[in-house]
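Thanks for sharing this one. Here are a few notes to read alongside the coordinates, going from the whole chain down to single residues.

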Amino acid sequence: MSSGLEQLLDDVLLNIIAYVEVHLSPTLKEMRRLSRRFSVLLTPPLFSSFTSGAGNNSYISLRQCHAMISDISAHKTTVFKHTRSLRINVDQSSFTDDDMVLWINLWTTFVAIMQSLTSFTLEVGPEGIDDARTARINDVIRVISSHRTLKEFNLIAHSGYPPPELSLQPLSGLHAFSLSWNLREHLNSNLTAEVSSLLGRCPNLESVFVGMIARYNMHWILNPQPLSALIESWSSLEGSLKLRKVTIRGVTVSSEDLIPNIRHFRNLKDLAIESYHTLVDLGKIFDILRKEDIHLRNISITALHPPEITEYISSFNGLEGFFIESYDTRDDAPSLIHNLFSALQRHCATLRSLTIRIDRISSWQETSRKHIAENVGLFQLLEELDIHVHISAEDVQMKNAEPLLAWLEIATQFPALRTIRIRPVRKGPGIEPSLRRISWDFRWQTVQDFRRKREFTFDIILHKY
């Protein structure tokens with residue numbers, strides 16, 4: 001490296017590195033080897049986040065475990081003092097008991113030296129873990145909880161059964177907690193009690209996620225988890241939480257969960273209540289928010305027909321993001337769609353993200369397009385638009401691209417738009433498997449022609465079936 005670069009200020013050099021990484025594609029790891037100065041500058045961002053999986057592809061890393069533990073214990077490496085985010089995937093499918101012991105010992109050693117750690121994510125693989133291995137995972141969690149810097153804990157259970165006898169007791173003082181799973185039944189009583197107890201030991205909690213990993217798995221839940229059992233400890237807290245973000249997915253929630261805990265929701269800004277089956281109390285929940293003057297910035301829901309929802313949206317200004325993915329045909333009434341877009345006009349000065357995911361042939365496609373086209377000039381800050389567009393077999397045969405082109409023309413009129421996502425409609429009469437390929441080819445060619453003919457700065461992301 002030339003002496004000129006050596007003399008540059010750190011901020012200037014980091015900006016150069018950022019440009020080179022984007023435009024010339026060397027990795028941070030490669031640039032770190034250029035000189036001692038580059039190494040000093042790049043080591044913190046390079047090791048700020050660390051992810052490691054355990055399973056079929058980890059045989060080499062397991063062979064290296066002893067050497068890594070030795071190096072760490074002998075202080076031959078100090079790079080992990082910069083690690084702020086750690087993600088570990090524990091999958092027992094290809095592990096012997098000795099492998100598991102070695103793996104856990106490695107992470108116990110690693111975690112002990114990660115003194116800047118603020119976020120820890122633990123993934124349990126599809127095969128789950130037995131009692132003995134759960135006990136070793138608990139050892140890692142105990143070491144993790146000794147870090148006063150830890151603010152976020154995420155537990156992801158990919159298996160159909162949550163880890164038995166998992167202990168969260170040492171953890172406390174979190175600012176963010178997430179528990180996601182792929183369960184058809186509710187959590188076992190032990191894990192429910194552990195979560196409830198933990199949530200009662202976090203007086204500075206700001207963000208909570210509980211529920212299914214993915215929305216598309218919500219439909220096969222047989223016995224959903226009640227939210228009330230998970231937040232039971234909140235009613236006995238002396239002080240009030242300052243929750244700002246709450247996501248509930250595939251979990252049963254009612255207005256009775258909100259009423260005794262309303263003091264914890266006074267600062268709420270982001271709320272997602274997502275369920276495959278329309279929750280009986282969804283309207284009541286939004287009615288409580290309206291009466292308590294709790295004004296959200298971001299809303300994510302899976303039903304619209306309770307009238308209290310649009311009444312709530314109409315009651316204030318300042319919404320930045322709105323997301324709906326409806327599974328209920330009661331939401332298809334044109335009057336409901338009209339009321340929604342009339343309500344969203346109150347937020348035209350602040351709305352940045354709009355997602356309308358109605359994956360069935362309905363009045364949504366035509367009515368929502370009409371409303372947005374009529375009021376496109378109002379939404380000056382809209383950056384993200386996500387919609388479904390239906391192209392029928394007849395449209396393909398007649399080369400009628402109007403349903404798609406109309407949305408693309410609308411998109412060009414949003415001055416701040418960065419991305420439009422266009423998804424096909426997959427459910428409804430006339431949508432056969434044979435349509436998928438010909439529709440994709442037609443839609444893709446339509447977008448390519450539009451790119452050639454028109455000038456615009458936003459990205460078009462076209463989704464397949």
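1. A word on terms before the overview: contact here means heavy atoms within 4.5 Å. With that in hand, and keeping in mind that this is a predicted model, residues 24 or more positions apart account for 80% of the contacts in the protein with a separation of 6 or more.

2. On the overall make-up, the secondary structure comes to 18 helices and 16 strands. The protein has 465 residues, and 49% of them are buried. About 22,400 Å² is exposed by the protein, with carbon and sulfur atoms supplying 50% of that area.

3. A helix pair you may like to look at is H14 (residues 334-344) with H15 (residues 364-375): their axes come within 10 Å and cross at roughly 30°. Angles under 35 degrees count as roughly parallel, and H14 and H15 are therefore roughly parallel to each other. The crossing in which H14 passes H15 is right-handed.

4. Which residues does H14 bring to H15? From H14 come Pro334, Ile337, His338, Leu340 and Phe341, and they meet Trp364, Thr367, Ser368, His371 and Ile372 of H15. Sorted by class, this contact has six nonpolar residues, four polar ones and no charged ones. As a general reminder, an α-helix has 3.6 residues a turn, so residues three or four places apart point the same way.

5. Helix H9 (residues 189-199) is worth a stop too. Its buried residues are Leu191, Thr192, Glu194, Val195, Ser196, Leu198 and Leu199. Please note that Glu194 is on that list of buried residues. The cover over the buried residues of H9 includes strand E5 (176-181), strand E7 (225-226) and helix H10 (227-230).

6. Is threonine 83 buried or exposed? Threonine 83 sits in the loop between helix H6 (65-73) and strand E2 (85-90). Buried means under 20% relative accessible area, so threonine 83, at 0% relative accessibility, counts as buried. Leaving aside residues up to four places away in sequence, threonine 83 touches Phe47, Ser48, Phe50, Met114, Ser116 and Leu117.

7. Last, isoleucine 137, which is found in helix H8 (residues 131-145). Isoleucine 137 counts as buried because its relative accessibility is 3%. Its C-alpha is 7.1 Å from that of isoleucine 104, while the two isoleucines are 33 residues apart in sequence.

Conventions: Residues numbered from 1 in each chain as written. Predicted model: local features only at pLDDT ≥ 70, side-chain atom pairs only at ≥ 80, totals over all residues. Heavy atoms only, no water. Axes fitted to C-alpha atoms, helices over the stretch in contact; angles between N-to-C directions. Helix = DSSP H or I, 4+ residues; strand = E, 2+ residues; numbered from the N terminus. Parallel < 35°, antiparallel > 145°, perpendicular 65-115°, else oblique. Left-handed = near helix turned anticlockwise from the far one by under 90°. Nonpolar A, V, L, I, M, F, W, Y, C, P; charged D, E, K, R; others polar. Buried < 20%, exposed > 50% of the residue type's maximum accessible area, 1.4 Å probe, protein only. Areas by Shrake-Rupley, 256 points an atom, 1.4 Å probe, with all protein chains shown as cover.
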